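Q: Hey, I'm new to this one. Could you walk me through it?

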Amino acid sequence: MSLSTLAASPTAQRSLPHCVRLCTRADLVAHSGVVAWYAGHQIAIFYLPGRPDAADRSRQPEDAAGLSSRPDAADDRSRQPEDAAGDCLYAVDNRDPFSGANVIGRGIIGELQGERVVASPLYKQHFRLRDGVCLEHPEQRLQTWPVALRGDDVVLLEADTRS
């Protein structure tokens, strides 16, 4: 596991006026976290590269009523930041709300209850990567940021473009 602290580019990209460059694809570590600094926040960025079964995951078996066998499958497809190659990129607050330490970027990535999660390295709470909610204590959550790969850059969508 690797942890690097990277500074965001101070200006938005010219071709994408509402994006801020956080780091490059080369800075990412597969199945691990890196940390970028943006507007006073440490942001933990997790990169889950495409897997051979990524295409199959989006085609879940359907029951007789035409519904997916996974109750949250439609929700997953609409919220998963997965690209055509099956690569996923997530960005959450690096500060663990239970310990107050900036350690989430050092957490272990996994799946729990059908959700991609990061386990805090200190007290082991599991946070969903898609929305930051703690599975053990749903009243606690990590702030999330919309991020994407644009060529070789990892970009953050600025607040004024969020829906």
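Q: How many bridges join β6 to strand β7?
A: Five bridges join β6 to β7 (residues 115-119), and the two run antiparallel. Strands here are DSSP runs of E with at least two residues, helices are runs of H or I with at least four, and both are numbered from the N terminus. Two strands pair if DSSP finds at least two bridges between them.

Q: Before we go on, what kind of model is this?
A: A predicted one: local features need pLDDT of at least 70, side-chain atom pairs count only at pLDDT 80 or more, and totals for chains, interfaces and linings use all residues. Residues are numbered from 1 along each chain as its sequence is written, and side-chain values use heavy atoms, with hydrogens and water left out.

Q: OK, back to β7. Which residue stands opposite valine 117?
A: That's glycine 110.

Q: And what order do the strands of that sheet take?
A: It's an open sheet of three strands, β6-β7-β8, with antiparallel pairing. β6 (108-112) and β8 (126-128) are at the edges with a single partner strand each, so one side of each has no neighbour in the sheet. The twist averages 40 degrees from one strand to the next; axes are lines fitted to C-alpha atoms (for helices, over the stretch in contact), and angles run from 0 to 180 degrees between N-to-C directions.

Q: What's the order in the sheet with β10?
A: β2-β10-β9, an open sheet of three strands with antiparallel pairing. β2 and β9 are the edge strands, each pairing on one side only. On average, neighbouring strands of this sheet are turned by 35 degrees against each other, direction ignored.

Q: How many bridges join β2 to β10, and how many join β9 to β10?
A: Strand β2 (residues 19-24) has five bridges to β10, while β9 (residues 147-150) has four. On the β2 side, threonine 24 stands opposite aspartate 153. On the β9 side, leucine 149 stands opposite valine 154, and alanine 148 stands opposite valine 155.

Q: Which residue takes a positive phi in the β9 and β10 hairpin?
A: Glycine 151, with a phi near 65 degrees; the hairpin has two residues between the strands.

Q: Why is β10 largely enclosed?
A: Because four of its five residues (153-157) are buried, the rest of the structure largely encloses β10. Buried means under 20% relative accessible area, exposed means over 50%, and partly exposed is in between, using a 1.4 Å probe and protein chains only.

Q: Switching topic: how many disulfides does the count come to?
A: Zero, where a disulfide is a pair of cysteine sulfur atoms within 2.5 Å. Cysteine 23 is buried at 2% relative accessible area, and cysteine 88 is buried too, at 1%.

Q: Where is aspartate 87, and what does its side chain lie 2.4 Å from?
A: Aspartate 87 sits in the loop between α2 (73-79) and β5 (88-93). A polar atom of its side chain lies 2.4 Å from the backbone nitrogen of glycine 50. With 11% relative accessibility, aspartate 87 counts as buried.

Q: Last one: which residues is glutamine 42 in contact with?
A: Leaving aside neighbours within four places in sequence, glutamine 42 is in contact with residues including Val35, Trp37, Val92 and Asn102. Contact means heavy atoms within 4.5 Å. Glutamine 42 lies in strand β4 (residues 41-48) and counts as partly exposed, at 23% relative accessibility. Glutamine 42 and valine 92 are 50 residues apart in sequence, but 8.7 Å apart in space, C-alpha to C-alpha.

Methods
A polar contact is a pair of N or O atoms within 3.5 Å; within protein, one must be able to donate a hydrogen and the other to accept it, and residues adjacent in sequence count only if both atoms are side-chain atoms.
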